[in-house]
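Me: I should like to go through the following model one question at a time. Please reason each answer through before giving the value or name requested.

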Amino acid sequence: MTREEANAPRAARFLVSGPPLLFLVVFFVAPSLIMILTSFRFPGEFGGLAPITAPAGADHGEYGLTAEAYRFFFSDILYAEIFLKSFGVASATTLICLVMAYPLAVLIARSEKRFRNLMVLLVVLPFASNFLIRIYAWMIILGPESGLSHFINAILGAFGIAPVTLLFSPFAVLIGMVYVHLPFMVLPLYTNLEKHDPSLLDAAQDLGANGWQRFWRVTWPLSLPGVFSGSALVFIPVLGMFAVPDILGGTGDILIGNLIKDQFLGTRDWPFGSALSIMLTLAVLSVAGLTAWFARSATGQRAA
């Protein structure tokens with residue numbers, strides 16, 4: 001075998017794995033390293049970053065590297081509360097999306113093939129319009145003069161309950177989150193459910209299983225990879241979302257994404273914003289790792 005023939009498999013592997021690896025380095029590793037370095041810098045006098053080394057002739061100021069941003073983060077329980085609140089909103093959004101998306105995905109997967117593409121198109125059709133336009137539309141739907149608000153408050157009034165404000169509330173934030181991310185749950189579930197072998201349900205029915213038992217013993221375990229994929233596609237983006245709370249939420253609905261945005265664009269404290277970003281990244285990676293471990297454990301138990 002010549003040297004060229006021996007190097008051919010290596011070149012083929014590089015052509016296959018090289019572009020994804022390069023993409024990962026350029027768009028994840030490099031920005032993360034920049035954020036890590038920035039989080040150990042001092043904020044500039046008028047925003048941004050202070051120089052690492054003292055300029056010539058400077059006799060005072062803060063220069064070099066410091067862990068002040070992390071010390072400030074761990075010294076105030078407020079930031080831990082915002083993190084927990086963000087995780088709560090992300091978990092609630094994921095759960096609601098799963099409950100709403102699963103029946104729809106089952107319906108699409110079990111429909112005739114000539115209707116499936118149309119139904120999938122209807123699921124992704126909202127992406128054809130601008131994100132902000134869709135969110136501002138919810139401001140009209142949830143506004144105090146909207147038909148929905150009048151209807152809900154009329155029902156509450158019949159029971160002697162004071163009127164409520166739907167807009168600029170945690171309810172509005174949750175509605176917006178679910179609306180934006182629901183397709184990301186439907187598509188992985190549909191992709192998984194479409195591949196299920198119908199003969200497995202027929203065999204379970206022949207063995208005496210009713211509809212509920214067939215679902216929990218056959219359909220649900222086989223759909224867990226789609227559930228985990230959809231949950232990750234919903235949970236992780238919701239954690240960093242800031243546009244929906246900014247537009248639909250009130251002053252008390254600040255999430256970690258809003259806090260990071262304010263540090264970079266509002267107070268211009270880039271080191272603290274970078275520290276928050278790193279902590280959020282670590283939290284997301286931890287959740288992703290736990291999800292992957294749980295998925296492997298569930299898959300292993302099912303195989304056993």
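Me: What is the relative accessible area of D262?

Reply: Three classes apply here: buried means under 20% relative accessible area, exposed over 50%, and partly exposed in between, with a 1.4 Å probe and protein chains only. D262 falls in the partly exposed class, its relative accessible area being 30%.

Me: On what basis are such values computed, and which atoms do side-chain values use?

Reply: The model is predicted, so local features need pLDDT of at least 70 and side-chain atom pairs count only at pLDDT 80 or more, whereas totals for chains, interfaces and linings use all residues. Residues are numbered from 1 along each chain as its sequence is written, and side-chain values leave out hydrogens and water and use heavy atoms.

Me: With which residue does the side chain of D262 meet in a salt bridge?

Reply: Side chains of opposite charge can pair when their charged atoms come close. The criterion for a salt bridge is a side-chain nitrogen of Lys or Arg within 4 Å of a carboxyl oxygen of Asp or Glu. For D262 the N to O distance is 3.7 Å, and the partner is K261.

Me: Which helices hold K261 and D246?

Reply: K261 and D246 form a salt bridge, with the closest N and O atoms 2.5 Å apart. The pair ties together parts that are 15 residues apart in sequence, because K261 lies in helix α11 (residues 256-265) and D246 in helix α10 (residues 243-248). Helices are DSSP runs of H or I with at least four residues (strands are runs of E with at least two), numbered from the N terminus. The helices asked for are thus α11 for K261 and α10 for D246.

Me: Which residues are linked in a network of salt bridges?

Reply: K261 is partly exposed at 21% relative accessibility, and D246 is partly exposed at 38%. The network of salt bridges links D246, K261 and D262.

Me: How many salt bridges does the rule give, and how far apart are the closest N and O atoms of E112 and R114?

Reply: The count comes to 5 salt bridges. E112 is partly exposed, with a relative accessible area of 45%, while R114 is exposed at 64%. These two residues form one salt bridge, and their closest N and O atoms are separated by 2.8 Å.

Me: Which helix gives the largest share of the largest nonpolar core?

Reply: A nonpolar core is a set of buried Ala, Val, Leu, Ile, Met, Phe, Trp, Tyr and Cys residues joined through side-chain atoms within 4.5 Å. The largest such core has 56 residues, and F83, M177, L189, L248, I256 and L276 touch the most other members. The largest share, 13 residues, comes from residues 77-109, which form helix α3.

Me: Which residues does L276 touch, not counting residues up to four places away in sequence?

Reply: Contact means heavy atoms within 4.5 Å. With that exclusion in sequence, the residues touched by L276 are F73, F83, I256, L259, I260 and Q263.

Me: At what angle do α3 and α7 pack?

Reply: Axes are lines fitted to C-alpha atoms, for helices over the stretch in contact, and angles run from 0 to 180 degrees between N-to-C directions. Under 35 degrees counts as roughly parallel, over 145 as roughly antiparallel, 65 to 115 as roughly perpendicular and the rest as oblique. α3 and α7 are therefore oblique to each other. Their axes are 7 Å apart, and α7 (residues 170-194) packs on α3 at an angle of about 45°.

Me: At what angle do the axes of α7 and α9 cross?

Reply: The axes of α7 and α9 come within 8 Å and cross at roughly 150°. That makes α7 roughly antiparallel to α9. The angle is therefore, in the terms of the fitted axes, roughly 150°.

Me: In which helix does T219 lie?

Reply: T219 is buried, with a relative accessible area of 5%. Beyond four places in sequence, T219 touches Y102, R110, L193, H196, L201 and R214. The helix that holds T219 spans residues 211-240 and is α9.

Me: What is the phi of F168?

Reply: F168 is in the loop between α6 and α7. F168 is partly exposed, with a relative accessible area of 46%. Although F168 is not a glycine, its phi is positive, at about 60°.
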